[in-house]
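Hi,

Here is the structure I promised to pass on. Have a look at it first, and then read my notes below.

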Amino acid sequence: YSQLKVLDSKKQTATTEDDVLTNKDAFEESFVKHVETTLARNMYNCDNLAAYQATSNTIRDALLIDWANTQQKQTIQDGKRVYYLSLEFLMGRAMDNALINLKSRDNTKKSLTELGFNLEDVLEQEPDAALGNGGLGRLAACFVDSLSSKNYSGWGYGLNYQYGIFKQKIVDGYQIETPDYWLKYSNPWEIMRSEIQIPVDFYGYVYEDHDPNTGKAKKIWAGGERVLAVAADFPIPGFNTDNTNNLRLWNAKPTEEFDFTKFNAGDYQQSVGAQQRAESITSVLYPNDNFESGKELRLKQQYFWVAASLHDIVRRFKKNHKNNWKKFPDQIAIQLNDTHPTLAIVELQRILVDLEDLEWNEAWNIVTKVFAYTNHTVMSEALEKWPVDLLGRLLPRHLEIIYDINFFFLKEVERKFPDDRDLLGKVSVIEENAPKSVKMAFLAIVGSHKVNGVAELHSELIKTTIFKDFVKVFGEDKFTNVTNGITPRRWLRQANPELAALIAEKLNDPNYEYLTNLGRLKKLEEFVNDDEFLKRWDIVKFNNKVRLAALVKETTGVVLDPTVLFDVQVKRIHEYKRQQLNIFAVIYRYLKIKELLSQGVSVDEIKEKYYIPKASIFGGKAAPGYYMAKTIIHLINKVGDIVNNDPEIGDLLKVVFIPDYNVSKAEIITPGSDLSNHISTAGTEASGTSNMKFALNGGLIIGTVDGANVEITREIGEENIFLFGNLAESVEDLRHKHIYEGVHIPQTLAQVFSAIESGIFGNPDEYKALIDGIKYHGDYYLVSDDFELFLAAHVKLEKVFGHHGGDASDTDHLHKWVKSAVLSVANMGFFSSDRCIDEYAEDIWNIEPLNQ
Ligand code: GPV
């Protein structure tokens, strides 16, 4: 009961809410109060979970003061605000981030220690807010952090899923999905706004009526089903600023309104049952990444979210500006994160025309000034198309408006290009083929004033491929690029405290101001020949590798030697990201090592002359319905089983698959990598953002000339990255060649296929589709073309790493690998999400930071 003694000896002197952040006594007093009143427990049975909740509530109290002040300041300044609409916010844990941004980590750690707790253990209690699939959702999370940190007025709007991305278990090498019920314990970071309730209608029918005053015809939508959107708010603290924005996530709740037809028919049970089903709208995140499955419930989610958000935005506008609609685009910018919120364009047009009685053109003029659209892929299977039947049944009035938008748009195109008869068919928002459907990307382009890609190469590709006809119609200026970024608060300071501290010391920056001025990393170049510094740097990396090895041990049972090359590929499992290329190369390495051993070459000689010891570390989820991705996971695990248990191999090679890769695991994995793989088929990965995280944490990259790898190379220098593979411009020809001339399988890859087919990794039938896809079905992702280039890149990089990786006494290693790592970090400033937000603010949203 030591904590009680400590408390007894304290005078209770807490004054303001802010004191809890910097004053031990104030923290402890608040902590105890929350244990006793909020949690209804006492200090005698306060476990780590209760400590987490009491700490969160304590910090949250302080955060809410900033949050209220910010909202007041933003209202008074009455400037333009941006709303970031995203169906995914992959936030991860909130507490450590809040402690860092609020500068309260030291005080909290000390206070908790006095109370008998360990901060790290307490932080571990928090479940990840895993409301996203991968890069797209994590980008949204980084963006809200930057909006607050850079003093913008910017809100996020999304859905408060009861179940986030599934939890992944690996059983006998197979992925098993289990539900992520993350709200099992109450979530201290969400503030339920039960008073903010917005009715959202679905189904029903449209009829025409006449305005009693003007006699004008008017469309009325009589909805058939009503659901309430109830707000849950998540305050988003900025770093080194009081600016605290809001992330508003909607919950679906039943209305109290009753289906009286059913009720009167005596069917009380059914009437209640239908209402209960309302909640299913926000119950689960769709687990697909870069893929659209076209389910009705998904479309319901989209409209529910969009309708609630827009009514909230419009209501807030009207409070200050009444019906002065001309001002609307001066006050409001809305960013569409992919096409998921495209119905917002239609909904705003409906609000203005049907509910607010504006003329069509006047309304449309406002709408197109407000919206901007970010595209995140060129892959056709990920481009949303909603069947006209489904859309018209769920949202009959919206379908009419879409047809009208398309009609007026095509009329304009015809006027501009009277001689181009094909053009109308190419840019129509409606696809006439069965099933007739609405192309959401086209609708998003037509309804927005700017369209951006997420890395230079990607932004060029969308202009020359999927959207080229729109460049003709609207001109080049509508299409722009904003290269993605990541928040250095979470991805450097939080994930890699030792490296962040070393950098702060070298930059003479005890307050870590470089975290909001990431260009200052450049100064690290001055120390690239300082042996003392390089050694310290290498020790930090080594410590992070020890931490990663502990995670691997805990989750897979496999023991890794932290001095070997840690070769990491963690991201969603997808054929285009090519984990299969990586595991095939691992198999090749294993076969070669076995061959050398069988020829009597000793392990030491192999390490010296052929293969340095390395651990291949994989992680990532496959969409539950994606057979090929699941096959790849199974192969990786089976290869691990064989290699890791082969007594001849020892530490020469290890292969592990870390289950349930998520944000909090990424915070451990990223700093612990020597080398990470970003090896998508050129032209397929729009940007990638984990490449940025690894490079910012002093890991080198092996990658293809794709997405943001191109710009990372430009920034850090091509001598500090290992690029390989065919270029995007050759991909189409190669695919064509595969189909018309057959796929050439190089000898090396053929050996790998034979080994798999021999059954050493289990029943070869299980891998048949994977191999046949390459050999006989056109090798769409160009594994055969890039395989030997990948092997060659490895030969080159392993020479640089040397066989004493992590040993700070090896000067050769220090002088090549570590220098490259330092030079990478020094030149990664560009990839701060703060820079992205500034670019969006300036080029797309036309907003300025608030005066503090
Ligand atoms: I579309 N992205 C994603 O995570 N999910 C999706 O459904 C779609 C795109 C990703 C891209 O694949 C990455 O290249 C990109 O870095 C990320 O979005 C953020 O722009």
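Let me start with the sheet that caught my eye. Bear in mind that this is a predicted model. Six strands make up an open sheet in the order 21-20-19-22-23-24, and the pairing is parallel. At the edges stand strand 21 (653-658) and strand 24 (722-724); each has a single partner strand, so one side of each is left without a neighbour in the sheet. From one strand to the next, the twist averages 20 degrees.

If you want to check the pairing at one of those edges, go to strand 23 (residues 700-704), which runs parallel to strand 24 and is joined to it by three bridges. One pair to click on is G703, whose bridge partner in strand 24 is L723.

What lies across the other end of that strand order? Helix 23 (residues 531-556) lies across strand 19 (565-570), strand 20 (614-619) and strand 21, and it runs at about 70 degrees to strand 21. Helix 26 (residues 627-644) packs on the sheet too, where it touches strand 20 and strand 21. The direction of helix 26 makes about 140 degrees with that of strand 21.

Now for a single residue elsewhere in the chain. V122 sits in helix 7 (residues 119-123). Is V122 buried or exposed? With 25 other C-beta atoms within 10 Å, V122 is buried, because 20 or more is the cut-off for that. Leaving aside residues up to four places away in sequence, V122 touches N48, A51, Y52, T55, L112 and F117. For a sense of distance, take L358, which is 236 residues away from V122 along the chain: their C-alpha atoms are separated by 55 Å.

Finally, the overall picture. The protein's secondary structure comes to 35 helices and 24 strands. Its radius of gyration is 28 Å, close to the 29 Å that the globule rule gives for 852 residues, so the protein is as compact as a globular protein of that length. Taken along the principal axes, the C-alpha atoms fill a box of roughly 95 × 85 × 60 Å. Of the 852 residues, 49% count as buried. As for contacts between residues at least 6 apart in sequence, 76% of them join residues at least 24 apart.

Over to you!

Cheers

Notes: Residues numbered from 1 in each chain as written. Predicted model: local features only at pLDDT ≥ 70, side-chain atom pairs only at ≥ 80, totals over all residues. Pairing = 2+ DSSP bridges. Helix = DSSP H or I, 4+ residues; strand = E, 2+ residues; numbered from the N terminus. Axes fitted to C-alpha atoms, helices over the stretch in contact; angles between N-to-C directions. Contact = placed C-beta atoms within 7 Å. Buried ≥ 20, exposed ≤ 12 C-beta atoms within 10 Å, placed from the backbone. Rg over C-alpha atoms; globule rule 2.2 N^0.38 Å.
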